[in-house]
Amino acid sequence: MTTQQELTPELIRAALTTVKFPGFSRDIVSFGLVKKIDIDAENNVTIDLVIESKNADIPRYIFEGVHGVMKHLPGVKHCDVNIEHKAPEAKKGVNDDPSTWKSSVPGAKHVIAVASGKGGVGKSTVSANLAVALSKLGYSVGLVDLDIYGPSMSLMFGTKERPGANENDEFLPVTAHGVKLLSMGLLINESDPVAVRGPGDALRSVPAQRGLGSVDFLILDLPPGTGDIQLTIVQTAELDGVVVVTTPQEVALIDARKAIGLFERVKTPILGVIENMSYFQCPSDGKMYHIFGEGGGEREAAKLGVPLLGKIPLDIATRSGGDEGRPVALEDPEQNPVSAAFRQVAEQCARVVLDR
């Protein structure tokens, strides 16, 4: 006959490591949320938690998760879970006038993340050209390449200049095509692998980054998917919203829905959908060919009740411009239909953000 293990705070704490913080792969113990565990003589357990989150659903999720674990832990007669829910301290920008500076990223009036549920849909191409198009509309623009495992912005902007640093050891961006740019690709050689475990302090420090100076719009180019990097950013940076990039085909839309579901879960506004590679216009006959299907992005935007910000054609010059460090949005929109499409996207994004 086996002897039941003695109930101890250490045993309970170990059991609580199976309770994940909603949306993260890390647990509530490693996040430091468990502040006190008491066990009385009759094995009644009291657990005290402190949670900082703007999302009022987070304490409920954790409350249910803890009770679910404790219900199946041998020896526990009854469990009380006490949660102190605190709103995180507001982060202030370089200008503390809230009517002027909306974002917690110092110096950035408006912060837009560009996301996709999967790779290969041209998200970074959209980010680069959105930034350039906003700059050409007269806005000051910064772009942070957060795809730390596959940084591509240095190539797309045609620069190998190394960022400087200020007296606070914050990176100073390089300026290319009118955009202030920070990318891991500017810090390493092209052939060097990026060996990073988890999102790291670099991503957690984005909301406090002052080296970018003042910009009207800060574009955050997120990596594809719905992992720790995306969650770290939306949990630590005050965003005006997210733009979701997809192609019209169903396999891309499935993953786009996952990304949208993630951002809705953490209460991050969806500003709109961009349908990339929407169609190919044959230069010889002018006919449009919907290689990846037709209308998928439009239907998805309508289903979400958000704008379809634009349809970007599949275009050889766009690809070659990205490879050569000259985004197509630099071209005259009167002469280049793809540049005109990105200008429309930039105008739509600015309108949606400024009208919020």
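1. Sheet order. In this predicted model, an open sheet is built from 8 strands, arranged as β8-β9-β5-β10-β4-β11-β12-β15, and its pairing is mixed. Strands β8 (174–176) and β15 (308–311) form the edges, each pairing on one side only. On average, neighbouring strands are turned by 25 degrees against each other, with direction ignored.

2. Pairing of β5 with β10. Within the sheet, β5 (residues 141–145) pairs with β10 (residues 215–221) in the parallel sense, over 5 bridges. Opposite Val144 stands Leu220 of β10.

3. Helices lying across the strands. Helix α3 lies across β4 (108–115), β5, β9 (179–183), β10, β11 (241–246) and β12 (270–275), and runs at about 175 degrees to β10. Helix α8 (residues 296–304) lies across β11, β12 and the edge strand β15, running at about 165 degrees to β12.

4. Packing of α3 against α10. Helix α3 (residues 123–136) also packs with helix α10 (residues 337–354); the angle is about 75 degrees and the axes are 9 Å apart. Since angles of 65 to 115 degrees count as roughly perpendicular, α3 and α10 are therefore roughly perpendicular to each other. On the α3 side, the contact is made by Thr125, Val126, Asn129, Leu130, Ala133 and Leu134. Helix α10 contributes Phe342, Arg343, Val345, Ala346, Cys349 and Ala350. By class, this contact has 9 nonpolar, 2 polar and 1 charged residues.

Conventions
Residues are numbered from 1 along each chain as its sequence is written. This is a predicted model: local features need pLDDT of at least 70, side-chain atom pairs count only at pLDDT 80 or more; totals for chains, interfaces and linings use all residues. Side-chain values use heavy atoms; hydrogens and water are left out. Axes are lines fitted to C-alpha atoms, for helices over the stretch in contact, and angles run from 0 to 180 degrees between N-to-C directions. Helices (H or I, at least four residues) and strands (E, at least two) are DSSP runs, numbered from the N terminus. Angles under 35 degrees count as roughly parallel, over 145 as roughly antiparallel, 65 to 115 as roughly perpendicular and the rest as oblique. Contact means heavy atoms within 4.5 Å. Ala, Val, Leu, Ile, Met, Phe, Trp, Tyr, Cys and Pro count as nonpolar, Asp, Glu, Lys and Arg as charged, and the others, Gly among them, as polar. Two strands pair if DSSP finds at least two bridges between them.
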